[in-house]
Amino acid sequence: MSLAVAPGYVSNPLAVDVPAGMSIPKLIHMRSLRAPDEPMIERKTELGSAWLPVRAGEFWQQIRSLGAALIDWGVDPGDAVVLFAPTSYEWTLIDVALQAIGAVVVPIYESDSPAQIEWIIRDSGARKAWTQNRGQGALVQSVAEIDVAVIDEGDVDRFLARGVGANGQVEERMEALTSTDVATIVYTSGTTGRPRGVPLTHANLAVTILQDLPFFPEAVREPSVRLLLFLPMAHIYARTAGYMALVGNGVCGHVPNTRNLVDDMVSFAPTTIGAVPRVLEKIYAAAKAKAAPSLIKRTIFSWCEKVAAQRAKRLIADEEETIGQRVVYRIARALVFSKLEKMLGGNMRYIVSGGAPLAARIERFFTGMGMRLYQGYGLTEVSGGVICNNHSQRKLGSVGVPTPGTSVRIAADGEVELAGPCLFDGYYGESSQEDVFTPDGWFRTGDLGRIDEEGFVYISGRKKELIVTAGGKNVQPTLVEEAIRQHPLVSQVVAVGEGQPFIAALLTLDSDALPGWLDAHKLPRMDQAAAATNERVHEALARAIARANEQVSRAESVRKFTILPGDFTEANGLLTPSLKVRRAMVCERYASEIAALYASGTKVGVDVDR
């Protein structure tokens, strides 16, 4: 791939010409005609670990039958239809069938509040909805007059039976689709404010998928690919990852969440997953926690971490390994890496990480142990991932290079701006788009970053997250937060200090890592709330923050911290569905704790320099 690179600019030309009128349903139909008897999806049985194949031709016939029944249900071209359910085979089937008949799919996150759901339905104009269960259906109907079909009550099977023997209406509707027709309106969960509707056209989605297939051939296109989806399909990241497997030649599987992820990976044996950093951190922490109770095991794990970090640098630099280095790696693999590979299903080759910055230690660990870990970057507004590392172009710490058809530039204030055919035309129902696009049509991402001389992009944080201290220093909190999060006890970190004389931090503890850490330090077992007040925990985290402070300037260093009694979750509204911290909501909810950190004469919080 030939990148065009200039200072503050990089562009990647289109790899594939996309015919007018192309769509995701049409691409899936083409695969069903090309190889009707090949497995396209595997469905997990209700009994547990067994997975049953669904052939490409069979999947298309189900799309056709469901689409015909949806037409009979009164779904017309351009109608908005809500899809409110966890990740599943049915989610994908309903999504593609609705697109095929020209409807506009409106996903809703399971964690959305009634007020958010009401806003999405009202703003999109949806009058029909699919929900997973009757409770969700009742919630939808409590906020709007809307017809509901319920997956758990057999409505998918009833619709399929109703549409058997369809007379070609679905194909007619599909052929009538144009590149500018809207396929979906995705409401961004956002870290602040009310969700904004992002209309994505059939061309946006088709172009994205057809360019990504040659960019990630080993990960999503080849027949050996087995992609396991577990992130919310309401998020564009998981949804487009699924499309890549369906349009390519691989097999896709679905599980509703990460609750039983290790067991699911063992039974499905994926070659590829799309993950967010928090999932990878949990896998890493689980492996480390197993070693925690034993001094010998902790020492071995620590040594293997160093082996992985050193090997990761050599791999990225494409350096030849010496015989001694290969022997050391084999020993580390036998001791630790092979066991972790089994936790990932024993077949894992590619992990794509997106949705938030990936900690350097996690990237080095997985890369060095032998996984192809590709860190990437994307947004709903550009139809998913548009910058990523891949097999031939990767650098540790970067989010990669633009995918084909994408251009990236850095504005004078450091903001990352994007352009390309994957870009949406503006937020739904908003007359003014001045805050969205530059005068020459580039999308303002709100993220800060840089581009190196080879065209690799680095993201340093959110523009809105800059902290201006009382001394007038502009502080980007991401670097010190990520450095603090390297401590195994730490789950989340939010640096604060707007208008204050120094930077302080709110910390939460990792409930999975806590028992092992307590055992290793010969402390009695305790919950997060008790540990948050424990003097030994305070001392350990003060030392960790002092080490993190060595990586930043004095103005950026954390001088005081407090440990919160619980963690940030989707359920308490402090994490988005893609597991990003809702910083503004955290600061609002813990305003009194923040104020106490800066109140003169108080003993609230822990001084790092004490």
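## Briefing: sheets, helices and a pocket

K522 sits in the loop between helix 17 (514-520) and helix 18 (528-531). Although K522 is not a glycine, its phi is positive, at about 55°. Please keep in mind as you read that this is a predicted model. The notes below cover two open sheets, a pair of packed helices, a pocket and some backbone angles.

**The nine-stranded sheet**

- Nine strands make up an open sheet with mixed pairing, and their order is 4-3-12-11-13-14-15-16-17.
- At its edges are strand 4 (51-55) and strand 17 (401-402), each of which pairs on one side only.
- Helix 3 (residues 89-100) packs on this sheet, where it touches strand 3 (39-44), strand 4 and strand 12 (251-254).
- The direction of helix 3 makes about 135° with that of strand 3.
- Further along the order, strand 14 (residues 350-353) and strand 15 (residues 372-379) run parallel, and four bridges pair them.
- If you would like a residue pair to look for, I351 has L373 of strand 15 as its bridge partner.

**The six-stranded sheet**

- Six strands form an open sheet in the order 1-2-18-19-20-21, and here the pairing is antiparallel.
- Strand 1 (4-6) and strand 21 each have a single partner strand, so one side of each is left without a neighbour in the sheet.
- From one strand to the next, the twist averages 30°.
- Within this order, strand 18 (residues 407-410) pairs with strand 19 (residues 415-419) in the antiparallel sense, over four bridges.
- S407 stands opposite A419, which belongs to strand 19.
- Strand 20 (residues 443-451) and strand 21 (residues 457-462) are also antiparallel, with five bridges between them.
- One bridge to follow on screen joins L448 to G461 in strand 21.
- Strands 20 and 21 form a hairpin with five residues between the strands, and G455 in this hairpin takes a positive phi near 95°.

**Helix 4 against helix 5**

- Helix 4 (residues 114-124) packs with helix 5 (residues 134-143) at an angle of about 65°, and the axes are 9 Å apart.
- The crossing of helix 4 past helix 5 is right-handed.
- From helix 4, the contact draws on P114, I117, E118 and I121, while helix 5 supplies L139, V140 and V143.
- By class, the contact has six nonpolar residues and one charged residue, with no polar ones.

**The second largest pocket**

- A probe the size of a water molecule, rolled over the atoms, shows where empty space is left.
- The second largest pocket holds about 1100 Å³ of space.
- Its lining consists of 40 residues, and those nearest the centre are T258, R259, V279, E570 and L579.
- Two or more lining residues come from each of helix 11 (261-268), helix 12 (277-291) and strand 24 (490-496).
- Helix 12 gives the most to this lining, with eight residues.
- The lining of the second largest pocket is made up of 23 nonpolar, nine polar and eight charged residues.

**Another positive phi outside glycine**

- A269 is not a glycine, yet A269 has a positive phi of about 55°.
- Its place is the loop between helix 11 and strand 13 (272-275).
- Helix 11, on one side of that loop, is among the elements that line the second largest pocket, and strand 13, on the other side, belongs to the nine-stranded sheet.

Key:
Residues numbered from 1 in each chain as written. Predicted model: local features only at pLDDT ≥ 70, side-chain atom pairs only at ≥ 80, totals over all residues. Heavy atoms only, no water. Pairing = 2+ DSSP bridges. Contact = heavy atoms within 4.5 Å. Axes fitted to C-alpha atoms, helices over the stretch in contact; angles between N-to-C directions. 1 Å grid on protein atoms, 1.4 Å probe; cavity = no way out; pocket = protein on both sides within 12 Å on 5 of 7 lines; lining within 4 Å. Points joined across faces, edges and corners; volume = space filled by probe spheres on them. Nonpolar A, V, L, I, M, F, W, Y, C, P; charged D, E, K, R; others polar. Left-handed = near helix turned anticlockwise from the far one by under 90°.
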